[in-house]
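Biologist: Please take a close look at a single part of this structure, in terms suited to a first-year student. I should like one connected account.

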Amino acid sequence: MKASNHLWRERLAAEMPPQLAREIDVFESELTLRKQGKIEEKVFAETRLRRGCYGQRYDNGQRHDGIAARTLRYPSGELTKGPNTLWDAPGMQRIKVPFGGLNARQLEVLAELAEEYADGIAHVTTRQDFQLHFVHIEDTPAIMRRLAAVGITTREACGNSVRNVTGCPLAGVCRDEVFDVTPYAKACAYFLLGHPDCQDFGRKFKISFSGCRDKPCALARIHDIGLVAAARMEDGRLRRGFEVYVGGGLGPVPYQAKLFTEFLPVEELLPTAQAIARIFARLGEKKNRNRARLKFLVERLGIDEFRRLVAEERAALPHDPAWTSYLPEAERFEEKPSRSPSRLVPLESSNGGGFARWTATNVYRQRQPGYVTVTVRLPLGDITAHQLRKLADAARRYTPEAVRTTVEQNIVLRWVSEADLPALYEELKQAKLAAPGAGTIADITACPGTDTCKLGISASRGLARELERRFQQAGETLDHAARSLRIKISGCFNSCGQHHVADLGFYGVSRNKYNYTVPHFQVVLGGQWSENGGAYGLAVAAVPSKRIPEAVDRITKKFLAERSDGETFQQYVKRTGKAALKQALEDLMEVPPHEVDASYYTDWGDAREFTTEDIGVGECAGEVVSSADFQLAASEREVFEAQLLLDRGEVKAAAKLALEAMLHGARALLNLPQNAAVEDQVVVDEFRRQFYDTQLFFDPFVGGTFANHFFRAWESRNEPPTPDGVRRLVSEAQLFIDACHSCRGRTAAGAAKR
Amino acid sequence: MPHSAALEPIQHINVKLFALAPAPEGILDAAIPVFHRWIQEGACPELLIDVADYRHVPDGPGVILIGHEANYSLDCEGGRLGLLYNRKTRSDGSFEQRLRFSYERALQAAQLLEREQEFAGILKFDPACLEVVVNDRLLAPNTEETWRLLQPHVQSVFREVLGERALALDWASADPRERFRVRVDASAASREPKTAA
């Protein structure tokens, strides 16, 4: 697309590492071959994904404009860059930033790329990457070359590969860390990049490094491999190592990682990662994408057998000097400041209220006396090109260019001498980068959702935008206990917004009301952010999207009014019980008819009438509540009650009720009259015949996965339940019921059309 | 390099028409339904794809109507509201023809916006106060050389389009990292620009 694309290769030849330059040349050739039809579209899709070139919403060339589904007629016609993905359709370029570490020049290049190839914005993700949106595929080689010239590769940013290795943004300056994990995260990232043992995965693979066990900065427990710095004395010497967790992951059904070992010496970090990769490549699921993550393999094998297999694999590995060659430098690694230390006592002394508010939330005193780390809070993780350049200036002026992105979609500047804080604050304020409230309730994490993601169900960013606006207006009036809560929003059940580990989590769902599809969010309470993502919340209620701000308000007020002294939100949720919390939200779940209030039928930041399918609206406004709707309501109630039973430790009863909830959902779709004397086996069989075999129930992304949850629950109904197993069953039951709603909406609208 | 050879490759000429007077708060909110409506109606010659909402970013891109050949946006960069035409694919003709093309597209969109009921009476653009940005650093780096190359042509285009009165061209040279950018101000000139159509 860009007229200058062909010029960058020669212009940057001397600046790009030769290996990176060659890879980009190969990719560019593949681009050309695809245009000529000489590479199959599926192959090209995986190729571009492995270079971080992602699809975006509407890239199948279809978009509902609020009136009707329209075809987007691109100049390149039917040429595709993957199955059902048109060549000219705007895409997303993901840019890996290992452990979030960047220098000033890299910030400047990101600014250039955002302006010239995207929409002027660079977006920080929940995995410390950057993303550029609305990028044309033909611009991507030039983008990659410009990044390569400043030491950044997009290789394996997406696809079935080792994704960005994340790391604590305070590594090296944290008061609580065991040791600085930075050099180990870096070594791991570059050792595994392009490694032959990492090229045959059935799915993505995520690794994170934490400096300590208690703080959540790198969320070790939600990763395929989560490494937490540990140390022990051996032979009078302090030996560095890692507490290692494996098989964690969020997605539709979150899995807590299992402890692999309490102490893995640093010498064993890379060979162990390699051995785990080989096991994953060899034994991981490859056909069914929805069961292909490492967490399913660990679950299937059991942690003991997994450990045994890894040890066996490790023992058989041919020695690689790269395993340990970096270690002497890693031991000595130490980031040095660029300015002398100083104290500003008290920290919030000068410059009035704004500075005081900002230092209270955005400034962290490092373990090195006289230095602080400053958090630049980015609204929804977005930063403009101009702001990136100003940040680069500040990084050069006040720090040794020690910049890191964070999983909360912010950026930190490390090694700021305290006395420089007022001047830095003024510079950031000029650049509109001095928003206070980092790490508070106003600092909301949201995935792209329906803004750009093909999988988005509801407007996660739109909702986040609205909530941030309200918190900004509320200002300092919020009680401290409420201000310290964390909100995370995902556009769908895939949890890219990490809603499972939030105090108040939300994920997008839809509900059928009066023959319209209405955007909702599931309210997920009681997730644990601390202890590296220590526990997951459970869904409480599905609330219409437009009433979520009220739900947030109500839950936080209730918490403040009822909490005991020093009680955390998670403790409060556990003590209060989800039944009481759901009851507090019940009236908010009501949706008025369209003619009474049409605003419910659009989503935040979108003027179009909401839709998840490209279909029109039905004409059954006169219908009160059908038998099917009664049964779906019953299934919702039952799965909720199953959660309550589980919370009380009544595992067997919870399992039974979760299955009954799913059976009710299936009965609803089969339009069986309430209490009809139809045996459960018949319900299962008929559901399979009418909805699974016909694929009527299939979700566009996960296919028949949610139906398979139902079948599995039925088949294993006589097996002795375990707490972990039933926890997953309850989550799967909720997903199945959500899918029943979606299916019912689709079939009802289809019948209305006919 | 010969003069015309240096000019010929320069593409992706963006034009931003500034809004007259400070706009009322919340004005960006109205752009969302308007731009969605433009997609429904095919209001612009380009293939219109989607609406991107950046109202939360201070001095940011505002609200963008994403198109294949170009984006239109109610843009707030530099703290100044304006209608930005961001040309993404190549345009035909000489440099001057491409510049004029981008200006006319920006002007048409600005006039269309002014007529929308959501903006009636509260949003007005100054067709004689604008910014030209070449959105390609390799073809037009922000240097004295680029300024000497492009200035006469920018002057020529806007003399013709905005009339023969005093025309001020101001090259934003302060930061070499920025894209090549020229502010054009003929506010004292005729308010009825001459367009090709």
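Modeller: The following account concerns chain B and ends with a helix of chain A. The model is predicted, and the values below are computed from it.

Chain B contains 4 helices and 8 strands. Read from the N terminus, its elements follow the order α-β-α-β-β-β-β-α-β-α-β-β. Chain B is as compact as a globular protein of its length, because its radius of gyration is 16 Å, close to the 16 Å that the globule rule gives for 197 residues. Along the principal axes, the C-alpha trace of chain B spans about 50 × 35 × 35 Å.

The interior and the surface may be considered next. Of the 197 residues in chain B, 60% count as buried, where buried means under 20% relative accessible area. Among contacts between residues at least 6 apart in the sequence of chain B, 65% join residues at least 24 apart. The accessible surface of chain B amounts to about 7,900 Å², and 50% of this belongs to carbon and sulfur atoms. Chain B carries 22 positive and 29 negative charges, and the mean positions of these two sets are 2 Å apart.

In chain A, helix 22 comprises residues 680–692, and its buried residues are A:Val683, A:Val684, A:Phe687 and A:Phe691. These residues lie on the same side of helix 22 of chain A, because they cover an arc of only 95° around the axis. An α-helix has 3.6 residues a turn, so residues three or four places apart point the same way.

How values were computed. Residues numbered from 1 in each chain as written. Chains lettered and ligands numbered in written order. Predicted model: local features only at pLDDT ≥ 70, side-chain atom pairs only at ≥ 80, totals over all residues. Heavy atoms only, no water. Helix = DSSP H or I, 4+ residues; strand = E, 2+ residues; numbered from the N terminus. Rg over C-alpha atoms; globule rule 2.2 N^0.38 Å. Buried < 20%, exposed > 50% of the residue type's maximum accessible area, 1.4 Å probe, protein only. Contact = heavy atoms within 4.5 Å. Areas by Shrake-Rupley, 256 points an atom, 1.4 Å probe, with all protein chains shown as cover. Lys, Arg positive; Asp, Glu negative; His and termini not counted. Charge placed at Lys NZ, Arg CZ, Asp CG, Glu CD. Arc of directions from axis to C-beta.
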